[in-house]
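The exercises below are to be worked with the sequence and the structure open side by side. Each task is followed by a solution in steps.

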Amino acid sequence: MDYYTPEISDNIFWVGSKDWNRRMFDALIPLPDGTSYNAYLVKGDRGTALIDSVNPGFEGELMEKLHSLIDVEALDFVIMNHAEPDHANAIKTVMDISSEAKLVTTQKGAKMAQVFYKVPEQRLVIVKNGDTLELGGKTLRFIEAPWLHWPETMFTYVQENRILFSCDYFGAHTAAGFYDDEVEDLISVAKRYFGEIMMPFKAKGAQALEKIKDMDIAVIAPSHGPIYRNPERILGMYHIWTAGKTQKKAILVYVSMWGATEAIVRSMAETLMSEGIQINYFNLLNSDIGDIARELVDSRAIVLGTPTVLGEMHPLAVYATHLVKILKPPLKYGVALSSYGWGGGAVRQLSEMLKPTKIEVVGAIEINGPASDEDFANIARLGKELASRIRCS
Ligand code: FEO
């Protein structure tokens, strides 16, 4: 097959793979639009470097692409910005063939390369923040950017081409398009990715933005999704998202068995809307967790609804609440709503689960069976209180 290996800038080629069919990442993140594993070949006058590699299963495709562009046996360097297998697993295949190539990575990356990919110590080049590597007309500068998304992560900047290779950071899970201006609604896809993957590390993300703020960046080339040849917009959004700036917005997430919990969540939604609060409404039975993660990025409040099942929260609500805990969204306020048939307890458990978070629980209502007029009146009062908090902060 003749593979497409676009020259994204002078002597820099995309040699990654499109994974159109993948539907789940890390057994956690749904991928409705597939994803891509972007790897890049940099050809200097005196040396060549492969920046990142591809997911298991795509090694053959990567090797064919490299063979079409260079003498792979003479490849000089493999740059490992991140050790997770979707970018690093194929380095084993590459380094077996490119028998003189050295692996360039951070101190922590070197340890991981030895543990995960059995790279011998003598083939490792450890770099620190600001170190450079000369390939002849191509100067690679390394920027340590830990926890984006593992502790060893770094960026690589090619000075002459003004391209920042950011690996997971600034990524988007979609197989569509090569460039940002070719994908409709890319910011929404990127926001979903940020919520799923980068939101727990937003403080580290803000530090990385600070490190690159004075750099002349013409292109951001991440390792998932399109390449930003217009990087200003995504940089602007990342400044907002990493700062945890929220909007006058509430996310309602619930599950209902016989409709009673749904009715009170719906009633809360009506009150919030009537108070001018923007809402996003998710029934866990038919919602994509990635869409919820996207809306958590800038929502100010969350309403969680669950019935009591066998004395506890519904398992789907436990899962969603746990995700809220570990994704660390910038939510300020929460409300717990529940209906039970013959024995409560869900609201108490939900409040306990939220305790380690920074979410202030503004109120919790647990009702027995379908809501009465008085219950709906209480929901409306709580909704107005929540709206007032959302507006005032
Ligand atoms: Fe795309 Fe953290 O790997």
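How many residue pairs in polar contact does the rule find across the interface of domain 1 and domain 2?

**Solution 1.** The model is a predicted one, and the pairs are counted with both residues at pLDDT 80 or more. Under that condition, 4 residue pairs are in polar contact across the interface of domain 1 and domain 2. On the domain 1 side, the element that gives the largest share of what touches domain 2 is helix α5 (residues 186-198), with 6 residues.

**Exercise 2.** Describe the two domains and the area buried between them.

**Solution 2.**
- Step one, the bounds: domain 1 covers 7-242 and domain 2 covers 250-387.
- Step two, the separation: 38 Å lies between the C-alpha centres of domain 1 and domain 2.
- Step three, the contacts: 13 residues of domain 1 touch 17 residues of domain 2.
- Step four, the area: about 1200 Å² is buried between domain 1 and domain 2, and carbon and sulfur atoms account for 64% of it.
- Step five, the contributors: 44% of the area that domain 1 buries against domain 2 comes from Lys191, Arg192 and Met199, more than from any other three residues.

**Exercise 3.** Count the salt bridges across the interface of domain 1 and domain 2, then follow the charged side chains on Lys191 and Arg192.

**Solution 3.**
- Step one: the rule finds 3 salt bridges across the interface of domain 1 and domain 2.
- Step two: Lys191 pairs with Asp298 in a salt bridge, at 2.9 Å from N to O.
- Step three: Arg192 forms a salt bridge with Asp288, with 3.0 Å between the closest N and O atoms. Arg192 belongs to helix α5 and Asp288 to the loop between β18 (278-283) and α9 (289-296), so this pair ties together parts that are 96 residues apart in sequence.
- Step four: Arg192 has a relative accessible area of 9%, so the residue is buried, the cut-off being under 20%.
- Step five: a search of the whole structure gives 19 salt bridges.

Side chains of opposite charge can pair when their charged atoms come close.

**Exercise 4.** Which residues does Arg391 and which does Glu360 pair with in a salt bridge?

**Solution 4.**
- Step one: Arg391 is bridged to Glu275, the closest N and O atoms being 3.3 Å apart. Arg391 is in helix α12 (residues 373-392) and Glu275 in the loop between α8 (260-274) and β18, so parts that are 116 residues apart in sequence are tied together.
- Step two: Arg391 is partly exposed at 36% relative accessible area, and Glu275 is partly exposed at 23%.
- Step three: the side chains of Glu360 and Arg389 meet in a salt bridge of 2.7 Å, N to O. This pair links distant parts of the chain, with Glu360 in strand β23 (residues 360-368) and Arg389 in helix α12, 29 residues apart.
- Step four: Glu360 counts as partly exposed at 36% relative accessibility, and Arg389 is partly exposed with 25%.
- Step five: salt bridges that share partners also form one network, whose members include Lys191, Arg192, Asp288 and Asp298.

**Exercise 5.** Place His173 and list what surrounds it.

**Solution 5.**
- Step one: His173 sits in the loop between β15 and α5.
- Step two: at 7% relative accessibility, His173 is buried.
- Step three: leaving out residues up to four places away in sequence, His173 touches several residues, among them Phe25, Asp33, Thr35, Tyr193, Glu196 and His224.
- Step four: one side-chain polar contact of His173 is with the side chain of Thr35, at 2.7 Å.

**Exercise 6.** Are Asn11 and Phe170, each with a positive phi, buried or exposed, or in between?

**Solution 6.** Most residues other than glycine have a negative phi.
- Asn11 has a positive phi of about 60° and lies in the loop between β1 (7-9) and β2 (12-14). Its relative accessible area is 28%, so Asn11 is partly exposed.
- Phe170 has a phi near 70° and lies in the loop between β15 (163-167) and α5. Its relative accessible area is 0%, so Phe170 is buried.

**Exercise 7.** How many disulfides does a search of the whole structure find?

**Solution 7.** The search finds 0 disulfides. As for two of the cysteines, Cys167 is buried at 1% relative accessibility, whereas Cys392 is exposed at 67%.

Technical notes:
Residues are numbered from 1 along each chain as its sequence is written. Side-chain values use heavy atoms; hydrogens and water are left out. A disulfide is a pair of cysteine sulfur atoms within 2.5 Å. Buried means under 20% relative accessible area, exposed over 50%, partly exposed in between (1.4 Å probe, protein chains only). Domain bounds come from an automatic or database domain assignment. Contact means heavy atoms within 4.5 Å. Buried area is the accessible area (1.4 Å probe) that two parts lose on being put together, summed over both. A salt bridge is a side-chain nitrogen of Lys or Arg within 4 Å of a carboxyl oxygen of Asp or Glu. A polar contact is a pair of N or O atoms within 3.5 Å; within protein, one must be able to donate a hydrogen and the other to accept it, and residues adjacent in sequence count only if both atoms are side-chain atoms. Helices (H or I, at least four residues) and strands (E, at least two) are DSSP runs, numbered from the N terminus.
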